[in-house]
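Me: I have a model open and some terms that puzzle me. Could you go through them with me?

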Amino acid sequence: MTDTTLSTGPASPDSLHTGDAAKARLRARYAAEARFKWLGAGAVALAGFFLLLLLSTIVTKALPAFHQNYVALEVDLSADKIDPADPGAANFLGLVHDGMAGEFPQVSGRQERRLLRGLVSTGAGVMLREAIEADPTMLGGTRRIAVPLDDFADLYLKGLLAKSGPSCRIAGVTVSGAGDEVAVGFPDDAILAMARGAGAVDGEDGGLRLTSGSQSLLLEIAGGTLKITELSTGEAGGAIGKATVLEPLASASDMPDDAMLRTIETAEANRKITDREIVWLDRLAGAGKIENRWNTLFFFTGASREPELAGIWGAVVGSALTMVVTLALSFPIGVAAAIYLEEFATKNRLTNLIEVNINNLAAVPSIVFGLLGLAVFLNWFSLPRSAPLVGGMVLALMTLPTIIIAARAALRAVPPSIREAALGIGASKVQTVFHHVLPLAMPGIMTGTIIGMAQALGETAPLLMIGMVAFIVDIPGGFTDAATVLPVQIFMWADFPEPAFQQKTSAAILILLGFLVIMNAIAVVLRKRFERRW
Amino acid sequence: MNMLTEAGVEQQLADQGNTPAIKMRGKGVTVHYGDKQALFGVDLDVPEKQVTALIGPSGCGKSTFLRCLNRMNDTIPICRVGGDITLDGEDIYDPKIDVVELRARVGMVFQKPNPFPKSIYENIAYGPRIHGLTKNKAELDAVVESSLRKAALWDEVKDRLQEPGTGLSGGQQQRLCIARAIAVSPEVILMDEPCSALDPIATAKVEELIDELRQNYTIVIVTHSMQQAARVSQRTAMFHLGYLVEEGATDKMFTNPDDKRTQDYITGRFG
Amino acid sequence: MVSYLVLLLLVLGVAAYFVGRSRAVASVGGEVSRLHSLPGQHGLFLAMIAAGPALLAVLIWRIATPGIEDSIVQSRFAAELAEFGVPQLQAFLRDARAIAFGGIVSFPDETKEAAAVVFRSLHQTSIWLITAVALILAAGGSFFGYSRIAPAYRARHVVERVVKWFLILCSMIAILTTIGIVLSLIFESILFFSEIPIFNFLFGLHWSPQSAFTGAGGDAGDVNTEIFGAVPLLAGTLLITFIAMLIAAPVGLMAAIYLSDYATQRVRAVAKPVLEILAGIPTVVYGFFAALTVAPFFRGVGESIGLDVASESALAAGVVMGIMIIPFVSSLSDDVINAVPQSLRDGSAGLGATRSETIRRVVLPAALPGIVSALLLAVSRAVGETMIVVMAAGLAANLTFNPLEAVTTVTVQIVTLLVGDQEFDSAKTRAAFALGLLLFVITLALNVIALRVVQKYREQYD
C-alpha cells in the first residue's frame, strides 16, 4: 500500500499534532470556542436581563398604587346640613367640599374654589354617605372625616407628578403692594442667575420673565406664598420683581424679612397640577392632615373612570367566575378524552384524526378561538355578551389541548403491569381505568390542568372578541352577569390617558402575576410531592 | 483466518527480537463513577505499532480503561480518573496537556458505527478540516482518498463519495469510521468492540484491516470475542471486576495463562 | 325556568341512584353476591336512564330553538322582510330578540316590536313544550329502569357502554372545535367575499375599513370594495414577525445550546426557571411593557441620533414579541438538540473536535430539520400573537418595510374591527372574519409543515 498521506504523515507525528503550527491552530480554535461559549452565555444573560427589566419596571411602577393619600377634613354633619329623617337626600359631596373650603378660608375666587374642590375625589360624597348609612351615630355635629384625594393630588404627594428642586433661604426680602399681584425686592441679584437657570426668558423691557414653560420659583414669606413672575436689576443694586400671590401673606409689611425660595423643576405647562394646588397640598401635608393609607379601595372595589376610585375586585371576581367555568368544562372533558385516546381507542382513522386535531388546536392563535366564540356562542346560541359563562367556554376550548396532552402523558406513565394486575383479577376495562390507572395518573393530570388554567387566566385576546372588554362598574354576581377579567382590565387601564392608571395597571399586573406564581407553585409542589418513578 | 493468525505470530516473533518502545503506559489507574469504583489500580503498557487486546467479561472495566486513554471519560460529568497515564512519557491528565490535541493523536472508533449524517467525503474530511491539517482542496482530496484506501473502502465508495455515509452497510460504516479516524493521522487508534455490531463477513474485513494498520499505528482494541483477540492482537490484557488480572503476549495468554481466572474465561467457564 | 328544570332533573338523578341501589339490594333480599352487577352500578343505571334522556332533550332544545324561532319569525314577517339582505335580516332578528328578552337595541321600530311579541310567545310555548317533554322522558325512563332492575340484570354493561360513549364524545370535542372554527370563519368570510371580491381582499394595497361604509346599520349596503386590501396588513405582520425572529431565533437557539452543552448545574438551575417565567408571563403584560417602556425608549434613542421613530414603531412591538418568543424557541430547540444521539457527539469528540466544533459542524447540521420546524412554530406563534401588537403597534395600515414607522397587523385589525362595535352585520365586521380565516390558514400551514418536518426528523433517529 502506498502512503499518500500528508507529507508529515504518521512517521513524524510531532510536527503534525504538536508542532508550532499545530499549537497556533489550536490557539485559534480555542479562541473560537471561547467566543462561542460567551455567545451562549450572553444569550442566557440577555434573556435574564429582559426578565429583570420587565419585572423591575412593573414593580417600581406598581408600588405607589398600593397606597392612597387621604385628607382629614372637619365635616359639618349637623341636623341643618343633613336631615336626620332622610339622610340620603343630603348633598354629601357638597359637605365634603365645604370641609375643604374650611381648611382654606382665604380662598374666595370662583375658579380658585373649583380648583380647591378638585383636590378631593369625586367619590368622596358617596363614601361619606355609605359611612353614615353604616354608622348613623356620626350624625349631628362636626366630625373629622378622611376622604381620598383626587388622583393628581395623590400622585403629586407620591412625588410622581412634579419634581421639586432645591430650596434656599434668602434674607432681607421686601414685599409691597396688595391684591393678587405684589412687588418684591431682593438685597442682591443672585436671584437673577437662579431665574435664568430656571429657564426664564428675556422680556421686552430688559427684565426676565418666568412663564409657564419655565421652572416655578415660589417664595414663602410671612406665612404666605408668592410665585415670582418677573425680575430685573434694581436701581440700588439687588433685584426687584413682580409676583403672584398664591396664598395671602399673614402680615403685609414693607419691612425686609427672611424668605424661603423653593423651585418646582417641572414646568407648570408640563404637569397636570398647578402651583396653587401644590401650595395647598403642601400646606395640608405640613398641617398633618394628609394620611397615607393602605389602598383598600384598589383591592375591594370595581372599575371606575376615576383612577383613585378604580379597583381590581370586579376583575378578580370576573376572573374567578370565568376560571370556574373553564375548569368545570375543560377538566372532565379533557380527562375523558385523554382516557379514551390512551386506554380505549384502537389505532384507526378516527383516532388519528382526533390526534391531529388536538395537536393543531394547540397551535391555533388564541384570537381565532375568540372569533369562534363570537360566531357560535354569541350569534348562534344567543348567549349573553361579556358573560363569564361564555368567556369560560371559549377558554375551555383553548385549554383543552393542553389538558389532554398532559393527561395522556400522565396516563402513559402508569406502567402496564398495574392494568394487567387489575384485569387479571377480573375487573372490567372501565373499572381498571377508573379504579387504578386514573388515581395513579391524577397528580400528573392535576399538574397539567393547573398549568393550562394558568395559561387561561392570563389570556386576553379571545375575551376581547366576546365583549368582555366592556366597561363594567358592578361586581359580577353570577355566571351570566356582564363581567371583565384581570388581563382585560389591565388592557383597558393601560389605554386610559390618566397617568395614575399607569400605576394601577402595573399593580393589577402584579396581582395577576401573583396568582400565576401561586398556581405554578402548586403545580411544582404537586409534581415534586407525588412524582413517582416506576 | 488461520493464515492471519500465523502472520500475527510471525510478526510478534519478529518484534520480540527488538523490544518495541512503550507508546502509552497506565500506572495505578482508578476510575470512579460517582460513588461506584469501576477500575482498581490498573498497570498496563501499550507497545508501539502493535495491537493490544483488552478482554474480559462484560462490566469488567475494559471499555472504561480504553476511554481513559484519550480522556473520553471527560464527557461524563460524574466520572473521576486517578493514577497516571502517559503518552510518549507525557502525563495525559496533566492540566498542560490539551484534550483536543490528545484526541487528535489518540483517535477512537466506537462500538456502534456512528457516521455523521453527512456525505462520505464530508465524514472523512471532517477531522482534517477541524484540525486545519490541509491547505487546499487538492490536499484534502488526497487525504480522503488515502484514508479510504487504508481503510480498504476506497474501491467500494469511490463513485459515490457525495452520498450520505449513513446509507452504507454496517461493515462499511465501521470502516468509514476507521477511515475517519485515520484521516486525522493519529498515533494511536482505540477501538471499542468495533465488530460487535457487524456480521461475520464484515468482521473479517475489519480484522484484516486492523492487522494492516498495525504497520503504521499503535492499536488498542476492546473485544468480547476470544478468537478475535487471538487473531488480531500481539498482546492481550485480561480484566475482571475492575482489576487487571493478567497481561502478556497473546499466544502465551491463550496457551498458558498464569491466572486461573484467565484460563476459566478463555475456556468459556464464565463470560 | 329552564334552569329550575335542569336542577330538578339533576335532583331526580341523584334520587334515582339511591332508589336503584336499594331496589337492587332488596331484589336479592340483601344477599348482594347474588346480583350480577354491584348495587351501585344498578343505581348508576337508574340515574342515567331517569335523568339522561331528559337532560339530553333540554340540551338539544337549547341548541336548536334559536334557529327555529328565527325561521318562524322570518316566515311570519316574510312580507316586511322581503327586501332585506342577509345583514339587515340578522340585525332585525337581533334587535327583535333584544326587545323581547332584554339587551342592547340599536334601531327599534314597529316591525321589530311586533316581531318581539312573536318571539316572546314562541319562547313561552317552547319552554312549556320542553318542560313537558323532559318530564315525560324522566318519568318514562324512571319506570322503565325501575322495572328492569333484577338480580340477573347486567347493569354494569349498560353503565360501562354509556361511559365509553361519553369518553368518545369528549374526545370528539377536538374535532367539533376545529369544525366550528372552520365553519364559522368560512361562513362569515363567504358573506364578506360576496360583497368584496376575494381578489381585492388578497391583493389590494389599500386598507381603511373605517371609511368603508356609507351608512350605518341597515344602510351599510354600499361598500367601497377598494379599501379592503389585506396586503398592508400582511406586510406589517411580516415586518413585526421578522423583527421578532431576528431577536428570538439567535438568542433562543444560543441559550438552548449553552444550557444543554455548557452551563453548570447551578447556572441551569437559575436559567431554566428564568426562561419558564418569561414563557409564563401573559402577553398583555408584554404589551404594556412594550407600550410603556420599550417604545418610548426607542423613540428617545432615535431622537438623540436624529432619527424619526414613530411612537408605535414596528421595532418596539417586534423586539418585545421577540423577547416573548425566546423561551418558546429555546425549549423547542433544546428538545431537538437533545434528540441528536450522544454517539455522534462522541464520534466528533473522539476525533479531537472542540465542543463548539462538535455543535456547529455535527449537532446543528444533524438537528437542522428540527430547528427549522421549531422556528416555523415560533413564526406561527408570532403571526397569531395579538395583545403585544394591539397595545404597541399602530392602527393605520401603512405599506412600508421601515421598522421605525408604525405598521398594523392582521390581529390588530381583527380586534379593532370587532371590539366596541356592537353591530355584527356590516362588511366591516365580516372583514374581521375574513382576516381570521387568513390567519387560521397561515398558522395552520406553518404548523402542519413544522410537524411534518419534526416527524421526519424523529423517524431518522428512532
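Reply: Happily; let us take the terms in turn. This is a predicted model, where local features need pLDDT of at least 70, side-chain atom pairs count only at pLDDT 80 or more, and totals for chains, interfaces and linings use all residues. Residues are numbered from 1 along each chain as its sequence is written, while chains are lettered from A and ligands numbered from 1 in the order in which they are written.

Me: Why do strand 1 and strand 2 of chain B count as a pair?

Reply: Strands are DSSP runs (E, at least two residues; helices are H or I, at least four), numbered from the N terminus. Two strands pair if DSSP finds at least two bridges between them. Strand 1 (residues 22-33) and strand 2 of chain B have eight bridges, in the antiparallel sense, so they pair by that definition.

Me: What makes strand 2 (36-47) and strand 5 (90-91) of chain B edge strands?

Reply: The order in this open sheet of chain B is 2-1-4-5. Strand 2 and strand 5 of chain B each have a single partner strand, so one side of each lacks a neighbour in the sheet.

Me: Which residues does C:Val320 contact, leaving aside its neighbours within four places in sequence?

Reply: Contact means that C-beta atoms, placed from the backbone, lie within 7 Å. For C:Val320, the partners are C:Tyr286, C:Phe289, C:Ala290, C:Val294, C:Ile388 and C:Ala392.

Me: How many residues does each chain give to the contact between chain C and chain A?

Reply: Chain C gives 69 residues and chain A gives 67. Helix 6 (residues 155-195) of chain C supplies the largest share of its side, 19 residues.

Conventions. Two residues are in contact if their C-beta atoms, placed from the backbone, lie within 7 Å.
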